[in-house]
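Please look over the sequence and the structure below, and then follow the text from one chain to the next.

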Amino acid sequence: MTKTTNQKAWYFVVPVVGLVAFNALIPLMTVVNYSVQETFGDNVFFWEGVKWFEEVLKSERFHASFLRQLAFTGMILAIEVPLGIGVALSMPRKGPWVSVCLVLMALPLLIPWNVVGAMWNIFALPDIGLLGRGINALGIDYNFTQQPVAAWMTTVLMDVWHWTSLVVLLAYAGLCSIPDAYYQAAKIDGASAWSVFRRIQLPKLKRVLTIAILLRFMDSFMIYTEPFVLTGGGPGNTTTFLSIDLVKIALGQFDLGPAAAMSLIYFLAVLLVCWIFYTLMMRNEEQ
Amino acid sequence: MAKISLEKVKHSYLAQPAEPEDYALKQIDAEWQDGGAYALLGPSGCGKTTLLNIISGLLVPSLGRVLFNDTDVTKIPTTDRHIAQVFQFPVVYDTMSVFDNLAFPLRNRGIAEAKVQERVQEIAGMLDLEHSLRRRASGLTVDGKQKISLGRGLVRDDVNVIMFDEPLTVIDPHLKWQLRSKLKELHKRLGLTMIYVTHDQTEALTFADQVVVMYDGTVVQAGTPVELFEHPNHTFVGHFIGSPGMNILPCEVENGTVRCAGHTVQTASSGRPRADARKTEIGVRPEFVRFDDHGFPVEIVKVDDLGRYRIVEVRYADQRVKMIVNEDLAIPSETPRISFDPAATRIYADGWVVN
Amino acid sequence: MGIELRRVTKHVGSETHIYETDLALESGEFNVLLGTTLAGKTTLMRLMAGLEKPTSGEVWHNGDDVTGLAVQKRNVAMVYQAFVNYPNFTVFDNIASPLRVAGAASGEVRRRVESIAELLKLTPMLERFPNELSGGQQQRTALARALVKDAALVLLDEPLANLDYKLREELRDELPKLFQDTGATVVYATSEPLEALMFGGYTATLEEGRVVEYGPTVQLYRAPGSLVSARVFSDPPINTAQVEKRGPDFFLTESVYWTAPAEYTALAEGSYTIGVRPHHLTIGAKDETSVKLCAKVLVAEISGSESIVHADVDGNLWVSESHGIHPFEVGDIAELFLDVKRCLYFDHEGSLIKP
């Protein structure tokens with residue numbers, strides 16, 4: 001099918017473009033402005049060129065939080081994507097249970113970030129929280145406010161609880177769109193369940209999974225509220241992810257120049273990863 | 001290869017069917033010979049796909065038995081029935097090459113790689129796919145993909161029956177001819193039992209040795225294409241097979257003479273309808289209606305020139321009759337008269353032929 | 001008058017969908033666009049409707065340049081292959097929707113909808129929703145929506161392709177009648193030559209983004225201006241072969257030759273291409289001028305009243321279509337007769353040599 005080329009459609013986009021310009025482009029330009037200057041308040045600025053960029057890129061603190069961020073995102077993707085596909089595969093394809101499952105799946109997605117953080121904070125508290133007390137009762141020493149490993153695991157678990165549903169819903173929609181004939185053909189060809197998954201379901205899910213991974217990557221890479229409420233970045237700096245660190249620099253220390261430079265590097269990193277990932281997936285598609 | 005028997009097969013999609021209307025298949029008894037080419041022909045909703053799914057094992061019939069070579073397979077799952085199926089829309093494994101697609105059913109069954117290579121090459125040769133073996137299956141045209149679907153059935157040597165579910169629906173007309181004659185050729189060459197489901201009479205008649213015409217969950221008539229064309233035993237068959245379908249005209253039978261809107265008509269039916277028949281009709285195909293100076297007068301309503309022949313619609317009293325007139329014959333311009341070929345005109349009582 | 005494309009082209013990215021085209025369709029007539037998938041039928045229709053803008057050239061309608069005019073302002077109606085209806089509207093509301101958009105009074109809407117519904121046999125279904133209808137009824141509803149608008153230009157893009165064979169036959173018969181009195185210019189896209197012949201009217205043959213030829217349907221079928229046009233307009237495919245004219249005779253091979261029909265005696269010596277429609281290559285001789293060929297049977301099909309034989313005729317793969325039942329086995333030698341008076345003769349460029 002060919003697409004219509006009616007230029008008038010662009011008029012519909014104008015309000016959005018205006019809004020995006022106002023919301024994103026203007027603040028972004030302010031950030032760019034800060035990132036190349038030094039200020040001591042009173043709107044007095046000194047040109048600093050790429051000094052802040054160099055400083056940030058060389059700073060060990062940035063390296064550490066960047067690596068922490070990568071590890072976190074990698075970890076939750078490695079858990080949420082397979083788990084999401086697994087749950088989607090085991091959900092019923094028809095019958096009264098479909099809507100029950102879908103509503104159950106959608107529930108965590110409806111809860112605001114800060115509430116999720118607060119919920120898990122209380123849930124995991126070693127003295128009064130159900131989870132915290134439960135684990136301690138099993139004889140495992142657990143205190144996420146004190147132990148880095150426990151803090152990490154709790155943060156990851158919280159994200160998995162909050163966001164796996166998104167992957168499930170996308171994968172489920174993808175699975176539902178596979179025509180029955182494919183499954184029948186696979187039965188006839190004597191394919192094992194694994195073959196069906198590997199040769200039919202996974203290829204057909206490729207597009208939705210690309211979207212799911214991109215969404216989860218972007219979202220988790222920029223995660224702020226939940227870990228901030230849960231651990232506040234601690235104990236020490238062990239769960240200080242990029243955005244938490246950024247806020248500390250910008251608002252805690254008022255180092256606007258480095259914070260602006262860090263924001264831009266952060267932004268470009270997200271953009272770059274998304275672009276590379278998307279291009280790779282789509283190039284395969286065309287072959 | 002197998003003989004397929006259906007014994008009193010009935011199927012309903014309802015949990016507790018009560019009325020006959022609740023059944024998608026009312027009662028099917030059939031025996032299909034090993035190596036035969038069969039077609040299930042009928043309009044949408046006649047039960048042909050239900051029947052196909054029962055044979056392939058995707059559905060278990062509510063009642064009755066399915067036998068392959070006299071072995072009851074009614075409850076045996078699809079995977080163990082050794083069947084192959086080609087669907088309406090081509091099913092290929094997108095990420096695999098054409099070769100791997102063809103090899104898939106063999107590899108799934110743990111066949112040695114050397115044997116796989118040999119079989120795939122052989123089948124690819126038959127289907128003219130040998131030059132695309134290395135290509136990704138998703139890159140092929142629709143007819144190429146449909147050949148792969150077929151090929152996956154042909155590579156196996158344990159196949160009892162190959163089933164086709166309207167396989168040419170998405171294929172362009174000029175390629176339909178090629179694929180259909182390929183099918184025919186493969187059938188002759190490999191001697192496989194084939195069952196072809198379609199609503200298209202041309203496809204059914206040209207493909208099959210035996211055509212099973214279905215309507216409303218029952219088999220109306222089964223026979224060779226020629227039998228169905230020349231001796232339809234129900235007005236539905238007469239109408240459904242042939243293009244345009246058979247002319248069906250109300251008539252009265254009195255003292256052994258058949259009158260159709262006042263004109264006496266000679267028929268091939270020697271018997272006479274039972275007295276309690278609610279409606280009596282005569283059926284005659286447009287191919288067997290001709291202009292004849294000794295016939296009865298009609299008025300020409302419409303002439304459609306189809307190049308090789310013309311379809312002429314004529315009217316007498318309030319009846320309309322379609323006739324096929326060859327391109328070499330002239331259409332009389334004044335006082336046209338027509339007659340029916342008595343050998344091909346039959347009486348139908350309540351839809352069923354009177355012999 | 002009517003719809004006219006003047007030097008229209010359509011490029012999408014680096015691909016050419018329509019090469020420069022001049023086409024003036026007959027106003028108030030049934031016009032068929034005939035070509036295979038991707039020949040450009042749909043693109044041409046979309047250009048005519050104003051759903052797409054030509055890359056260059058102009059679209060004229062009833063003497064006005066409408067090239068840039070939005071589709072909403074053009075008074076066109078379109079029906080697609082897929083059944084497009086508003087799922088949450090009843091059949092009545094579906095049919096009424098174009099009238100309501102145009103702001104017709106409710107009494108007028110009711111009157112018009114009811115008369116169109118009557119015409120399309122939808123009266124009993126007016127209160128139902130589209131998903132409660134059969135495919136044929138859904139497509140009738142879509143057609144009714146197109147009809148009720150009283151559009152000057154009605155575009156039908158393979159509207160019958162998704163329907164059962166018999167339903168298709170029925171609607172094919174009704175369609176031209178429906179539009180007969182509206183005075184609308186109807187454009188109908190199809191890939192089936194037989195469909196074009198059934199509609200009569202005018203046909204444009206399309207191939208790979210080019211309009212090959214346009215003219216009255218039957219005339220175009222009988223004397224296609226080029227080999228390409230003949231190929232597009234033939235089902236089963238037209239048979240072609242090289243022949244040599246020497247003296248008064250055409251030679252297919254050294255042993256198979258015939259005296260040139262009177263119209264071609266003056267033709268210069270040299271090589272030509274003949275086109276033989278399958279029904280001009282028959283099993284029995286038509287008359288004493290028919291030329292006998294010996295052919296090796298590849299596949300034989302019988303479709304009730306016709307026998308179709310795919311055969312190797314001196315290295316050419318030919319199809320023969322004859323009346324009657326003539327069973328052959330693969331490998332048999334069949335005697336086929338060529339009706340040389342009805343052969344089409346083409347020159348080097350593939351243009352028809354007009355007698």
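In this predicted model, chain B has 355 residues, of which 43% are buried. Eight helices and 22 strands make up the secondary structure counted in chain B, and its C-alpha atoms fill a box of roughly 75 × 50 × 30 Å when the principal axes are used as the frame. Among the contacts in chain B with a separation of 6 or more, 66% join residues that are 24 or more positions apart.

Chain B also touches chain A: 19 residues of chain B are in contact with 16 residues of chain A. On the side of chain B that touches chain A, β6 (83–86) and α2 (98–108) of chain B each supply at least two residues. By residue class, that side of chain B consists of ten nonpolar, five polar and four charged residues.

Turning to chain C, one finds a division into domain 1, which covers 3–226, and domain 2, which covers 239–346. The C-alpha centres of domain 1 of chain C and domain 2 of chain C are 38 Å apart.

How many of the nine residues of helix α1 of chain C are buried? This helix, residues 41–49 of chain C, is mostly covered, with eight of its nine residues buried; in α1(C) the buried residues are C:Lys41, C:Thr42, C:Thr43, C:Leu44, C:Met45, C:Arg46, C:Leu47 and C:Met48. Just after α1(C) comes C:Gly50, whose phi is positive, at about 90 degrees.

Definitions and conventions. Residues are numbered from 1 along each chain as its sequence is written. Chains are lettered from A and ligands numbered from 1 in the order in which they are written. This is a predicted model: local features need pLDDT of at least 70, side-chain atom pairs count only at pLDDT 80 or more; totals for chains, interfaces and linings use all residues. Two residues are in contact if their C-beta atoms, placed from the backbone, lie within 7 Å. Helices (H or I, at least four residues) and strands (E, at least two) are DSSP runs, numbered from the N terminus. Ala, Val, Leu, Ile, Met, Phe, Trp, Tyr, Cys and Pro count as nonpolar, Asp, Glu, Lys and Arg as charged, and the others, Gly among them, as polar. Domain bounds come from an automatic or database domain assignment. A residue is buried if 20 or more other C-beta atoms lie within 10 Å of its own, exposed if 12 or fewer, and partly exposed in between; C-beta atoms are placed from the backbone.
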